[in-house]
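Please look over the sequence and the model below before reading on. The report is meant to be read alongside them.

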Amino acid sequence: MRWVNHGETVRYDSAWVRLLTADIELPDGRRFDHHLIRMPMPAAGVVVLDPDRGVLMLWRHRFISDTWGWEIPAGRIEAGETAEEGARREVLEETGWEPGALTALTSYHPSAGISDQTFHLFVAAGAVEVGPPADWFESERVEWIPVARVREVIRAGQIGDGLSLTALLWCLAFDEI
């Protein structure tokens, strides 16, 4: 059964996020205000895989949750970029490595009940180091995690980022790594 949106009121707006309330009507006729998060730009993440080195990952702190963890290179797709172009740029900016050929894994909405954010996931066939990360402030370090350790890192709770976890579990489930 489809809910009806009778209109939205903007509560906050920026280039990164728009917060709104929507006047929603349920199929039984009840109406209420529902909070929404609209994301003007989608994001992309890449599992960079090298058969000899493993998976290229960033060890970083997230101030919102005050946690440390491993993440795959990922970020916002800029205006005018395709998802693949944005994914390539993010890998290079965050790691200093130029990814090899990209293969699309999936696209999804991580919080479809409250947000219209879209994440595009890719796997890259290797990478070539071209220099230090342009976005050096994004992480404490960049490392290749051996494939044999990826499951251990996940099980240990060292990957708390939903995009990274989804991408890695997708790769494990469908034998990409």
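The sections below move from the whole chain to its nonpolar cores and then to individual residues.

## Overall organisation

This is a predicted model, and its secondary structure comes to three helices and twelve strands. Taken along the principal axes, the C-alpha atoms fill a box of roughly 60 × 30 × 30 Å. The protein has 177 residues, of which 41% count as buried. Among contacts between residues at least 6 apart in sequence, 57% join residues at least 24 apart.

The protein exposes about 10,000 Å², and carbon and sulfur atoms supply 55% of that area. Its charged side chains comprise 16 positive and 28 negative ones, and the centres of the two sets lie 5 Å apart.

## The nonpolar cores

The largest nonpolar core has 24 residues, and those with the most contacts inside it are Val-47, Met-57 and Leu-168. At least two residues of this core are supplied by each of the strands β4 (43–50), β5 (54–62), β9 (102–108) and β10 (119–125), and likewise by each of the helices α2 (147–155) and α3 (162–173). The largest share, five residues, comes from α3. A second core, separate from this one, consists of 13 residues and includes Ala-44, Leu-56, Ile-77 and Ala-87.

## Leu-168 in helix α3

Leu-168 lies in helix α3, the element that gives the largest core its largest share of residues. Its relative accessibility is 0%, so Leu-168 counts as buried, the limit being under 20%. Leaving aside residues up to four places away in sequence, Leu-168 touches Val-47, Val-55, Met-57, Ile-72, Val-150, Ile-154, Ile-159 and Ile-177. Two of these partners, Val-47 and Met-57, are named together with Leu-168 as the residues with the most contacts inside the largest core.

Separation in space can also be stated for one pair that includes this residue: Leu-168 and Ala-134 are 34 residues apart in sequence, and their C-alpha atoms are 24 Å apart.

## Thr-95 in helix α1

Thr-95 is placed in helix α1, which spans residues 83–95. Thr-95 is buried because its relative accessible area, 3%, falls under the 20% limit. Its side chain takes part in two polar contacts with the backbone: the backbone oxygen of Val-91 is reached at 2.5 Å, and the backbone nitrogen of Trp-97 at 3.0 Å.

Beyond residues up to four places away in sequence, Thr-95 touches Leu-56, Leu-58, Pro-73, Gly-131, Pro-133 and Val-142. One of these partners, Leu-56, is included in the second nonpolar core.

## Two aspartates with positive phi

Asp-66 has a positive phi of about 50 degrees, although it is not a glycine. Asp-66 lies in the loop between β5 and β6, the latter strand covering residues 67–71. With a relative accessible area of 59%, Asp-66 is exposed, because the value is over 50%.

Asp-175 likewise has a positive phi without being a glycine, here near 55 degrees, and its place is in the segment after α3. Its relative accessibility is 67%, so Asp-175 also counts as exposed by the limit of over 50%.

Terms used: Residues numbered from 1 in each chain as written. Predicted model: local features only at pLDDT ≥ 70, side-chain atom pairs only at ≥ 80, totals over all residues. Heavy atoms only, no water. Helix = DSSP H or I, 4+ residues; strand = E, 2+ residues; numbered from the N terminus. Buried < 20%, exposed > 50% of the residue type's maximum accessible area, 1.4 Å probe, protein only. Polar contact = N/O pair within 3.5 Å; in protein donor to acceptor, adjacent residues only side chain to side chain. Contact = heavy atoms within 4.5 Å. Core = buried A, V, L, I, M, F, W, Y, C linked by side-chain atoms within 4.5 Å. Areas by Shrake-Rupley, 256 points an atom, 1.4 Å probe, with all protein chains shown as cover. Lys, Arg positive; Asp, Glu negative; His and termini not counted. Charge placed at Lys NZ, Arg CZ, Asp CG, Glu CD.
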